Amino acid sequence: VDVCDAAFTGAQCKADGCTVTLSSGSGHCSLTPSTAGIKSLNANYNGNSSFSTSSASAVSYTVSRADTATTITSNAPNPSVYGQAVVFGVSVTHTGSTVSEGCVQLFDGVTAVGSLTSVVSGNASVSVSTLSVGLHSTLTARYTDSGGSCPSNGTTYVGSTSSSVSQTVGQKTLTPSITGNNKVYDGTTTATLKTQTLTGVVGSDNVSLVVGAANFATSNVGHGLTVTATGLSLSGTDVSNYVLSTTTATDNSANITPAPLTITASSGSMTSGGTVPTITASYATFVPGDSVSSLTTQPTCSTTATSSSAAGSYPSTCAGAVDPNYTFTYVPGTVTVVGKTDQTITFGPLGDKTYGDPSFGVSATASSGLPVSFNASGNCSISGSTVTITSAGSCTVKASQGGNSNYNPAPDVSQSF
């Protein structure tokens, strides 16, 4: 008698079932079900020379799923660093055969972590890199043989969950870096940053670099200068997963370029034949804290006008300033030379006097406002502006103004009495 699944007939039944050898009309054989579920069996008698073939009505029976035991056999490395892959070795066993179907999912408490992984020859290897910083003491592996998106679902085994294991995850170290902006010399070491970045951030984590202050190593002009950022810290919603490797960062690519400084020569005026005015420099504008004394070399200033220059306009200039922190622009001035102005004397007539009259004063004015001097000739003498009669006769008093750097000598004016 051939006994097999009801779906099989003929040779297939004989090949996939078992054969009962009858003794006194009965016998038995053993079948090992390959899957769980409700089964239906047929029994087919092959007959012989004395008896014809026959078949029994199908008989139903239930094959239950086999129990399993799931164990996390390893988790390495432990401890790990945030973002580092931790590989969990998982074994799934049952009595009597090797589990080679179904999948394992790792859980952190009630949260699935890692990917659903097929069981092969009773083992699965699950890689997890998303564990947050801290102690994870409720990590379990859950085995299932059906449902979900497992690519190797079956109907043979009962699902099972492993005991918990612990995994310690430490903060990941981030390396800060900066680049400094170039600037124009301003007399300070204050720097601004072009970039401030972090190396080692996992995925799209929200974490950024905060800079307390940034300064050049010097306030003076230079190229490839060192900029140091200090007081570095982290901010962002994922900051608890990270620690900085250092609280300072440096860059050696920033430049300080010279500041512009305009030097203007002073202007002035003079009378032809007079004193040449002193030419001085004015500055626009020194950075705060600097002055003319800060320059390595101060400029010299001059004019082409001389004391003998004719009336006209002459340039005044400054040149020769030296300082690495400034670029210089020179603006000329003008010295105006003017000719001397003519002047006249007003000196009124003097009335006749009698010998023996007392001395008397005379007065005259110059149109320039300059003082007038007197001298006398004839029968009189003069001291300052006081005339004394020395004898009877004629006396002449002459008024004079000799001029100065701005005025020509005035024509003398004489009065006689």
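Colleague: Why does Lys183 count as buried?

Modeller: Lys183 has a relative accessibility of 14%, and buried means under 20% relative accessible area, exposed over 50% and partly exposed in between (1.4 Å probe, protein chains only), so Lys183 is buried. This is a predicted model, in which local features need pLDDT of at least 70 and side-chain atom pairs count only at pLDDT 80 or more, while totals for chains, interfaces and linings use all residues. Residues are numbered from 1 along each chain as its sequence is written, and side-chain values use heavy atoms, leaving out hydrogens and water.

Colleague: Lys183 has a partner, Asp186. What makes Asp186 partly exposed?

Modeller: Its relative accessibility is 29%, which falls in the in-between range.

Colleague: And why is the contact between Asp186 and Lys183 called a salt bridge?

Modeller: The term asks for a side-chain nitrogen of Lys or Arg within 4 Å of a carboxyl oxygen of Asp or Glu. Here N to O is 2.8 Å, so the pair qualifies.

Colleague: How many salt bridges does this rule give?

Modeller: Two. In the other pair I'd show you, Asp412 and Lys398, the closest N and O atoms are 3.8 Å apart. Asp412 lies in strand β39 (residues 410–416) and Lys398 in strand β38 (residues 395–401), so the pair ties together parts 14 residues apart in sequence. Both are partly exposed, Asp412 at 44% and Lys398 at 29%.

Colleague: How do you know that β36 and β37 pair?

Modeller: Strands are DSSP runs of E with at least two residues, numbered from the N terminus, and two of them pair if DSSP finds at least two bridges between them. Four bridges join β36 (residues 380–383) to β37, so the rule is met. The two strands run antiparallel, and Ser381 has Thr388 as its bridge partner in β37. They form a hairpin with two residues between them, and Gly384 in the turn has a positive phi of about 70°.

Colleague: What makes the side chains of β37 alternate?

Modeller: Val387 and Ile389 point to one face and are buried, whereas Thr386 and Thr388 point to the other and are not. Val387 also stands opposite Phe360, which fits with β33 (residues 360–361) and β37 pairing in the antiparallel sense over two bridges.

Colleague: Which strands are the edges of the sheet β27-β25-β30?

Modeller: β27 (281–284) and β30 (326–331), as each pairs on one side only. That open sheet has three strands with mixed pairing. Within it, six bridges join β25 (residues 259–265) to β30 in parallel, with Pro260 partnered by Thr327.
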